[in-house]
Amino acid sequence: MRRLRPKRQTRRSEVRRRGGTLAAVATATAVALTASGCVTVHGETAVVPGATPDEATTALAGFVTAFNRADKANDPALDAGRVTGPLGAINQAGLKAKSVTQPEGNPDHRPLELRDARFLIPRKAGWPRWFVADTDASRDDGTPQADDRWLVAFVRGGPDQQWKAAHLVILGKDDVPEFAGEQGDAVPVAAGTDALAVPPAALSERYAAYLGNGGASPFAAGPHTSQWREKRARTARKPGLATQFIDRAADTGDFAPLALATEDGGALVFFASRHFERQTTAKGYRPKVGPELKALMKGEVVNTVTKEWVSSQAVLVKPAGTDRDAVTFAGRLQGVVSVEGS
């Protein structure tokens, strides 16, 4: 298994969200983490790699095995111990919905393989620890996306705890950034660092504020920023249906950001957010709710339905001093995790 690949040239284009993600397979509709920092637990103060290559290989294999069992059976309990954070929330809600709509199992199940793995393992002290597996997935074999890379971030809260997958981003092969290395290991970036244009700890709040209010922001235009706001505006104007959007940060516990330094002085940052969509119809009408949403619903729909989405995103953040397009989305995965009728 490889750790850090030799330096090569890459482009920094924003990648649109691609199909075939883990959440989509499980119906796309928490370990307190920091991106870095020395944590002392039981006297563990030595700065060491967060995992050995063998441990990372075992964690990846365990995740894939559990995921395939859960996906085949449409049973969230079968991989609940291998997922956490935003990916876990999306995965578990999707499987819960399918366990209702397809109780006999998933007739379209195809075993997932994550191969050709290289591991980006940061050095840090104490716990929690984390690493990223950069892999090639079998789900896009035979398609134009066959060379895409699936980057899965794993976290572990202590020596007696399980490694769990917390984030997923899918990037084109040439869009994987060159990561900084130190003694052969990946370099973590502290959540509160002032070396980046936006500290990882601030990204979730800044993103929620931008989606809600617009205005000046560090985010480059694209499908997950300006275009998403435009789509929301069109949705809100549909006659007979009032739609409200509320965005919230999700940056504590299992949802805290993770950041790896890149060779250009920036960072690739995984972070999460929550989004609520409330639809209210005119008197005498009811919002349409499909079977998978009904499977997650609490309450009864009279004329209002509120959907909660969890979103997991990966962004490229430029170094401090960058005034324009400081944050570019590399990818985003979202799924409905709860529905409430009223």
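A salt bridge is taken here as a side-chain nitrogen of Lys or Arg within 4 Å of a carboxyl oxygen of Asp or Glu. The model is a predicted one, and by this rule it holds 10 salt bridges. Side chains of opposite charge can pair when their charged atoms come close.

Take D134 and R149: their closest N and O atoms sit 2.8 Å apart, which makes the pair a salt bridge. D134 belongs to strand β4 (residues 129–137) and R149 to strand β5 (residues 149–156), so the contact ties together parts that lie 15 residues apart in sequence. As for accessibility, both D134 and R149 are buried.

D185 and R123 also meet through their side chains, in a salt bridge with an N to O distance of 3.2 Å. This pair links distant parts of the chain, with D185 in strand β8 (residues 185–186), R123 in strand β3 (residues 123–124), and their positions 62 residues apart in sequence. Here too the partners are out of the way: D185 and R123 are buried.

Then there is E113, whose side chain forms a salt bridge with that of R115 at 3.8 Å, N to O. E113 has a relative accessibility of 45% and so counts as partly exposed; R115, at 28% relative accessible area, is partly exposed as well. Both values fall between the 20% and 50% cut-offs for buried and exposed. The E113 and R115 pair does not stand alone, since these residues are linked with D136 and D141 in a network of salt bridges.

Technical notes. Residues numbered from 1 in each chain as written. Predicted model: local features only at pLDDT ≥ 70, side-chain atom pairs only at ≥ 80, totals over all residues. Heavy atoms only, no water. Buried < 20%, exposed > 50% of the residue type's maximum accessible area, 1.4 Å probe, protein only. Helix = DSSP H or I, 4+ residues; strand = E, 2+ residues; numbered from the N terminus.
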